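Biologist: I would like to learn how to read a structure like this one. Can we go through a few features in turn?

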Amino acid sequence: MNIQIAPTLRFVLSFILMAVLIHCSDSKQTTDDITGMPADESLSDDLTLIDPDAPITEVTLRAQGNTMDDMRYDLSEITVSAGTTVKLILINESTDSSMQHNFVLIRRGFSQEIADEGLKAGPEKNYVSNHPEVLVFTKMLKPGEQTELLFKAPSKAEYQYICTYPGHFSKMNGRFFVE
Ligand SMILES: [Cu+2]
């Protein structure tokens, strides 16, 4: 009697176990699908979240000049492809100690506002405020320094880049296209 129940019991138990396993793998799949989609959407604005498989667009931008009159970026326009990771190399080629420069990518139409707020944010914040239309930015470079910034190309549109060192943005700005 006992000998006959045991195999039956084992069969029932293994059947239950199998059902539980199938259910778990099903619900895991569903959870991944559910959490994956909204996560991608809600994080789409954070350009620092880089897809490691995305192709890289490399851009070298040089800040040049030694006076408030002749300071400039060597590029007035930058174009990158949507879906790529932008590797921006910023080189400060100025030599005068007052010529500190950064690269701040912003939505169009907010340069004055963002420059004004940057001034208030001060040097310890690299003259960059936490304005919602600031997309990504480098630290402030002293003459002779260079830095590298990796970010996900934002969605197709025209953006703007500026230097937020006090008094620089009106001369130091450019158009940034994502196509
Ligand atoms: Cu500058």
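Modeller: Start with burial. Both Cys-163 and His-168 are buried. Keep in mind that this is a predicted model.

Biologist: Which atoms coordinate the copper ion?

Modeller: The donors are ND1 of His-101, SG of Cys-163, ND1 of His-168 and SD of Met-172, at 2.1 to 2.8 Å. Along the sequence these donor residues follow the spacing H-x61-C-x4-H-x3-M.

Biologist: What is the geometry of the copper site?

Modeller: A general reference comes first. For four tetrahedral donors the ideal angle is 109.5 degrees. Here the angles among the four donor atoms of the copper ion run from 79 to 134°, and the site is irregular. To count as tetrahedral, all angles would have to lie between 85 and 135 degrees, so the value of 79° rules that out.

Biologist: Now the sheets. In what order do the strands of the open sheet stand?

Modeller: Five strands form that sheet, in the order 3-9-8-5-6, with mixed pairing. Strand 3 (77–80) and strand 6 (134–137) are at the edges; each has a single partner strand, so one side of each lacks a neighbour in the sheet. From one strand to the next, the twist averages 25°.

Biologist: How do strand 5 and strand 6 pair, parallel or antiparallel?

Modeller: Strand 5 (residues 104–107) pairs with strand 6 in the antiparallel sense, over three bridges. Opposite Val-104 is Phe-137 in strand 6. Helix 2 (residues 111–121) lies across strand 5, strand 6 and strand 8, and runs at about 35° to strand 8.

Biologist: Take one residue of strand 8, Gln-160. Why does Gln-160 count as buried?

Modeller: The cut-off for buried is under 20% relative accessible area. Gln-160 counts as buried because its relative accessibility is 16%. Leaving aside neighbours within four places in sequence, Gln-160 is in contact with several residues, among them Val-104, Ile-106, Ser-111 and Phe-176.

Biologist: And strand 4: how many of its eight residues are buried?

Modeller: Seven of the eight residues in strand 4 (residues 85–92) are buried, so this strand is mostly covered.

Biologist: Which strands does strand 4 pair with, and in what sense?

Modeller: Strand 4 runs parallel to strand 1 (residues 56–64), joined by eight bridges. Thr-60, for example, has Ile-89 in strand 4 as its bridge partner. With strand 7 (residues 146–152), strand 4 is antiparallel, and seven bridges join the two. There Leu-88 stands opposite Leu-149.

Note on methods: Residues are numbered from 1 along each chain as its sequence is written. This is a predicted model: local features need pLDDT of at least 70, side-chain atom pairs count only at pLDDT 80 or more; totals for chains, interfaces and linings use all residues. Side-chain values use heavy atoms; hydrogens and water are left out. Buried means under 20% relative accessible area, exposed over 50%, partly exposed in between (1.4 Å probe, protein chains only). Helices (H or I, at least four residues) and strands (E, at least two) are DSSP runs, numbered from the N terminus. Two strands pair if DSSP finds at least two bridges between them. Contact means heavy atoms within 4.5 Å. Donors are N, O and S atoms within 2.8 Å of the metal (3.2 Å for Na, K and Ca); water is not among the atoms, so sites may look incomplete. Four donors count as tetrahedral if all angles lie between 85 and 135 degrees; four count as square planar and six as octahedral if opposite donors are over 155 degrees apart and all others between 65 and 115; anything else is irregular. Axes are lines fitted to C-alpha atoms, for helices over the stretch in contact, and angles run from 0 to 180 degrees between N-to-C directions.
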